[in-house]
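Here's a quick tour of the model below, starting with the ligand site and working outward to the overall fold.

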Amino acid sequence: MRIAELYARPEPTISFEFFPPKSDEAEATLFRETIPALQQLRPAFCSVTYGAGGSTRDRTLRIVHRVRRDFGIEAMSHLTCVGSTRDQLAEVLDQARELGIENILALRGDPPRGETTFKPVAGGFGHAVELIGFVKGRHQFSIGGAFYPEGHIECGDKRLDWDRAAAKVAAGADFLISQLFYDANDFLECEDYLRNHHGIKVPIVPGVLPFLSAEQIKRFTSLCGAKLSADLLKRLEALAHDDESVRQLGVEICTELCRRLLDHGVPGIHVYSLNRVASTRELLTNLGLAKP
Ligand SMILES: Cc1cc2nc3c(=O)[nH]c(=O)nc-3n(C[C@H](O)[C@H](O)[C@H](O)COP(=O)(O)OP(=O)(O)OC[C@H]3O[C@@H](n4cnc5c(N)ncnc54)[C@H](O)[C@@H]3O)c2cc1C
């Protein structure tokens, strides 16, 4: 089913994102333990990330295919421009289509480790908007794009970055999913700009990350430029060496965030599950959205 249609339903559309494990053994664990446990929470769909430079291409497509076929959960493949020519991207899309995959999250991807600027390969794309237009022209996929409530880290002007998010919709994105953030006001300001300045009508969906450790969330936010409030930093410091308490704090913070966003009327919540079940389950239970 096309994800654009899932968002058209009246209830909040809950989705879980996970990444392809590095080894066959870890992939087997994902199918044996993680996905069956996530399946019990009855997500509307799952999405599977695409590793740097297409390094997970086969694994990403295989997991998306198996989640749909073996678990009956709709699934979306992420796809990035990194290291690929148009022809190579076309091959991935053809392969996805042959597997019956209907949904693609089209991204630029990050510069390789150690590099600060993104350099497209010859014959490739420099920005996600170009990939979105390219995907649009092929196979009738439902297409998602990323957006950044605080502005993308490489862009000094958040409104300019939001203009670029709007351009993704003009190029064919059927929905937008956000990067992680912890202040609902950032999301609401960005959403208001997209809706009222640009007249965007497609679903604008918050991505939330229930963090697992203090070190992890500090690293993630410094890499992607999202901020942690002074109050949240203080609470993290107080618990820093107790990962279980920090994990519970992550659930608590995301519960408050999601409550406010759901009250506001967002069409769904995209949970960055980090391939873990406990926090995702507790978050949905707190929100009254776990469907046993
Ligand atoms: C929901 C979500 C899922 C993700 N999944 C993955 C994944 O699976 N794999 C992965 O590697 N990464 C993933 N990422 C991370 C993403 O690849 C990075 O954030 C990346 O740095 C930007 O990707 P983008 O698609 O937003 O790029 P773009 O939209 O191309 O934006 C990148 C930068 O270029 C600027 N820009 C955009 N268009 C133009 C233009 N026309 N002219 C000049 N500047 C422009 C933007 O302002 C921004 O600063 C994900 C991010 C999100 C939010």
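Look at the ligand first: in this predicted model, 22 residues surround the ligand, and the nearest among them are Thr49, His78, Arg108, Ala128 and Ala146. Sorted by class, that shell is a mix of nine nonpolar, eight polar and five charged residues. Two strands and two helices, listed here, each supply at least two residues of the shell.

| Element | Residues | Supplied to the ligand shell |
|---|---|---|
| β3 | 74-80 | at least two residues |
| β4 | 103-107 | at least two residues |
| α5 | 128-136 | at least two residues |
| α6 | 158-171 | at least two residues |

Now for the sheet. Nine strands make up an open sheet with parallel pairing, and the order runs β7-β6-β5-β4-β3-β2-β1-β9-β8. The edges belong to β7 (204-205) and β8 (207-208); each has a single partner strand, so one side of each is left without a neighbour in the sheet. At the β7 end, β6 (residues 175-178) pairs with β7 in the parallel sense over two bridges, and Ile177 has Val205 in β7 as its bridge partner.

Zooming out, the protein chain has eleven helices and nine strands. Its radius of gyration is 18 Å, close to the 19 Å that the globule rule gives for 292 residues, so the chain is as compact as a globular protein of that length. The C-alpha trace spans about 50 × 45 × 45 Å along its principal axes. As for packing, 42% of the 292 residues count as buried. Among contacts with a separation of 6 or more, 80% come from residues 24 or more positions apart.

Conventions:
Residues are numbered from 1 along each chain as its sequence is written. This is a predicted model: local features need pLDDT of at least 70, side-chain atom pairs count only at pLDDT 80 or more; totals for chains, interfaces and linings use all residues. Helices (H or I, at least four residues) and strands (E, at least two) are DSSP runs, numbered from the N terminus. The radius of gyration is taken over C-alpha atoms; the globule rule is 2.2 Å times the number of residues to the power 0.38. A residue is buried if 20 or more other C-beta atoms lie within 10 Å of its own, exposed if 12 or fewer, and partly exposed in between; C-beta atoms are placed from the backbone. Two residues are in contact if their C-beta atoms, placed from the backbone, lie within 7 Å. Two strands pair if DSSP finds at least two bridges between them. A residue is near a molecule or strand if its C-beta atom, placed from the backbone, lies within 6 Å of it. Ala, Val, Leu, Ile, Met, Phe, Trp, Tyr, Cys and Pro count as nonpolar, Asp, Glu, Lys and Arg as charged, and the others, Gly among them, as polar.
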